Structure formats: structure tokens, C-alpha cells
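Opening a fresh page for this one. I want to go from single residues to strands and then to the whole chain, and jot down what I find on the way.

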Amino acid sequence: MSIQHNVSLKEFNTFGIDAKATYFISVSNKEELIEALQLPQFSKYFVLGGGSNMLLTGDMETPVLHINSKGKEVVAVNMRGDTIVEIQAGENWHEFVLWCIDNNLGGVENLSLIPGNVGTSPIQNIGAYGVELKDVFEGCKAIDIETQEEKTFTLSACNFGYRNSIFKNEAKGKYIITSVFFRLTSKNHQLNTSYGAIQQELESNNITAPTIKDVSDAVIAIRQRKLPDPKEIGNSGSFFKNPVIPKAEFDILQQKHENVPHYVVSDTEIKVPAGWLIEQCGFKGQRFGDAGVHKNQALVLVNYGDAKGAEILALAKKIQETVLEKFNIAIEAEVNVI
Ligand code: EPU
């Protein structure tokens, strides 16, 4: 365990916001985590994983607890040939995906290049290109912050939904996830290539019988074209969730905008891409100082260098107000505003 004072968090959040942590405590295993939680001088913590889904709007007076545990392990192979792996919370998500591909383990290839760490992936049930974490999730271990006891969460206990889980609701702020178990295929991989952009990418590379690596490469190529690399331009991926609206309201929207993209959620509900709504309001590619809206995907807010969290937040609010005014649709932030 290490404890440092007055540490810049710029390298620890993908938005690249230069906020300072008064105390920065880094732990690299469960024992160190428990030890940190028992430190008498601190009564509460801000838990930091990969820092890929948060917007820091000021310095952190609350001690920052950085989860930096490493380890990837095959723990079982079941009768069907599925492989169960246990991955420590501090592992980088994309490095885990590449490790799976190198070891011929299928299931997470569509989730290539998502920023962040494995330990925080269940919190918002990360998802992309037709696959969500819940599709490969077997369970996770967590430490109860109050009692420091270990608890295991099964798939059903996590109540996964669209960018949602128990860790954003009843269990919010109560547990620190220490490792995640995934159920992956080691043969007869079930590829999910139904998402239009993946199909087009495979076709344009003349790939008719894709492997898990081909799907991963396709997703990487699509993301690199569309989404900014946080190492170059600070961002947190989608800043907003795609709103789900009643079918009756969608029908009115479609009468005015024939080509509105949408996904049918149920007989009564339709999901509309927030990126499309924001683009229609004219924000795509706009820059206000160092805060901006990405030129290829309006759902992504960016920090061109020295934007303050408050500037990004002000832009987000302006976008929300404009979308509400123009479409009467409320869009909600996906990123945690701290
Ligand atoms: N669109 C626009 N303008 C834009 C952006 C999108 O018109 O600026 C339209 C597109 O033309 C398309 C539709 O919106 O018809 C959907 O766009 P896209 O396929 O890019 O997906 P999305 O709904 O905008 C979601 C996820 C992304 C994920 C992609 C691919 C959410 C909030 N976002 O975006 O996740 O990569 O699907 O599966 O659900 C993230 O969460 O950080 C993230 C990047």
C-alpha cells in the first residue's frame, strides 16, 4: 500500500482533468485494500478504478483509493467446454480482451478497446456492438466497505440493465469489487456480428468466416475511426445514455424526422440515439475553449487539453437543455459527475 499527498489525478482519469487528490492511496491486493479501509485517520474514500467513466469537477478532499490489483487466471473449464476466468479488478479492460483473444477465449471480442478497468466494468454493465458485460459475466467478488468482509455477487444478484446494475442502485458506495469471473467459450465461439458496422467492416476486408480476432480487429477499427483515443484527446466515451421514450412520442418524432435512427426496446418503448439528437441541435464538432463535442460522434464530450471539469459540465447542461427544448426529450448523463 502506498499513501501520497497532493497528487494530480490527470493521468488517472481518461477525461484528463487536472484535479488534485489530497490523499492518494494505492492498493495492489485484497489484503492491502482491507488494511487501507481500516486506517483510523480516514472515514470515507473515493474509489478509483480506470477513471474512464467520471468527470472530476473539483479537487478531491475525500481520500482517493486506487485499486491496482493485477492477475488473470483460468479457474475452471466446464463440461460444455466453457472456460471460467478470474480477473483482478485493477487489470486494464482492453488488455484483458487481447489476452482472451491470444488464449482463444471467446465472448468479449465485441467489447474491444473500451477504456477502463475490469473491476469497474460491472458497475455500468459496459456494452458495445451488440454485446454487454452481462452476457459473459459469471460473478464477482467484492469487499464490504463497512465490515471489510468478502461477498460474492452472482449474475442474477447484479440486476444488470442497460448501463445499469445493483452497484449503481442498492449497493452503491457499499462495496469495492476486487475481481470479476467471466464465462468464455474455448471452442464453437458464438460470434455476434449482427451489428451493421461490424458486418460492413468484415465485408470490406473480404472476411466471410470470421474468427474472434477478426471481430476484435473490426471493432477496434470502427472505434478508432469514430471515437477519440483518450491518450490523445481526453474523453469518457458516451457522456449521455441513449434515452428510451414511449412509442407514441417516438411516432410524433418520426413524423417530423423520417430518418431518425432507433432501436425497438419493447412494444411500447423505443430507444433513440442521443448522438443523433445532439447532432440535430448543431453541437457536433463544436468547441468552447478546451471543452467540445467530438466531430465523429456527438455523444462524446472531449477535453482538448486544459478544460476544467466545470466547463465540460456546463457544456453538458447546455446540450441537455437544447435537446429538451427542441425534442422534449430529457437525456441523462452516463458519466459519473464527481
Ligand atoms: N448518430 C448520429 N450522430 C452522431 C452519433 C450517432 O446521427 O453524432 C447516429 C448514428 O448514425 C447511428 C446511431 O446514432 O444511426 C447510433 O450510433 P452508434 O452506432 O455510434 O451508437 P450509439 O448509440 O451512439 C452506443 C453506445 C456506445 C457504443 C456504441 C456501439 C451508449 C450510450 N453508447 O452508442 O458506447 O460504442 O453504441 O455499440 O449506449 C460508451 O458507452 O462509452 C460507448 C462508446
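**Entry 1: odd backbone angles**

I started at Tyr-129, which is in the loop between strand S8 (127-128) and strand S9 (131-132). This is a predicted model, so I keep that in mind for everything below. Tyr-129 caught my eye since its phi is near 50 degrees, a positive value in a residue that is not glycine. Most residues other than glycine have a negative phi. Is Tyr-129 buried or exposed? Its relative accessibility is 11%, so Tyr-129 counts as buried, the cut-off for buried being under 20%.

I then looked up Asn-206, where phi is near 55 degrees, again positive in a non-glycine residue. Asn-206 lies in the loop between helix H3 (196-204) and helix H4 (212-226). I checked the surface here too: Asn-206 has a relative accessible area of 70%, so it is exposed, given that exposed means over 50%.

**Entry 2: S6, S7 and the hairpin**

Next I went to the strand pair S6 (residues 72-77) and S7 (residues 82-88). The two run antiparallel, and I find 5 bridges joining them. One pairing I noted is Lys-72 with its bridge partner Ile-87 in S7. How many residues sit between S6 and S7 in the hairpin? There are 4, and Gly-81 in that turn has a positive phi of about 90 degrees.

I also asked how covered S7 is, and 6 of its 7 residues turn out to be buried.

**Entry 3: on to S12 and S10**

S7 also pairs with strand S12 (residues 175-185), in the antiparallel sense and over 7 bridges. Across that pairing, I see Gln-88 standing opposite Ser-179 in S12. S12 is mostly covered, with 9 of its 11 residues buried.

I followed S12 to strand S10 (residues 137-144): these two pair in the antiparallel sense over 7 bridges. Here I wrote down Ala-142, whose bridge partner in S12 is Ile-177.

**Entry 4: Ser-69**

I wanted a loop residue beside these strands, and picked Ser-69. Ser-69 belongs to the loop between strand S5 (64-67) and S6. Its relative accessibility is 6%, so I log Ser-69 as buried. What does Ser-69 touch, leaving out residues up to four places away in sequence? I get Val-27, Ser-28, Asn-29, Gln-88, Ala-89, Gly-90, Glu-91 and Thr-178. Gln-88 in that list is the residue I had already met opposite Ser-179.

**Entry 5: cysteines**

I looked for disulfides and the count comes to 0. Why is Cys-100 without a bond? The closest cysteine sulfur, in Cys-140, is 17 Å from the sulfur of Cys-100, which is too far. A disulfide needs the two sulfur atoms within 2.5 Å. Cys-158 is in no disulfide either: its nearest cysteine sulfur, again that of Cys-140, is 4.7 Å away.

As for cover, Cys-100 is at 0% relative accessibility and therefore counts as buried. Cys-158 is also at 0%, so I mark it as buried.

**Entry 6: a small side trip to S14, S15 and S16**

I turned to an open sheet of 3 strands with antiparallel pairing, in the order S14-S16-S15. Which are the edge strands? They are strand S14 (244-246) and strand S15 (263-264), each pairing on one side only. S15 and strand S16 (residues 269-271) are joined in the antiparallel sense by 2 bridges. In that pair, I noted Tyr-263 opposite Lys-271 in S16.

There is a helix here as well: H5 (residues 247-256) lies across S14 and S16, and runs at about 95 degrees to S14.

**Entry 7: the whole chain**

Zooming out, I count 7 helices and 20 strands in the protein chain. The C-alpha trace spans about 60 × 50 × 35 Å along its principal axes. I compared the radius of gyration with the globule rule: for 338 residues a compact globule would be near 20 Å, and the chain has 20 Å, so the two agree.

Buried residues make up 47% of the 338. Of the contacts with a separation of 6 or more, 60% come from residues 24 or more positions apart. Last lookup of the day: the accessible surface is about 16,400 Å², and carbon and sulfur atoms hold 47% of that surface.

Methods:
Residues numbered from 1 in each chain as written. Predicted model: local features only at pLDDT ≥ 70, side-chain atom pairs only at ≥ 80, totals over all residues. Heavy atoms only, no water. Buried < 20%, exposed > 50% of the residue type's maximum accessible area, 1.4 Å probe, protein only. Pairing = 2+ DSSP bridges. Contact = heavy atoms within 4.5 Å. Axes fitted to C-alpha atoms, helices over the stretch in contact; angles between N-to-C directions. Rg over C-alpha atoms; globule rule 2.2 N^0.38 Å. Areas by Shrake-Rupley, 256 points an atom, 1.4 Å probe, with all protein chains shown as cover.
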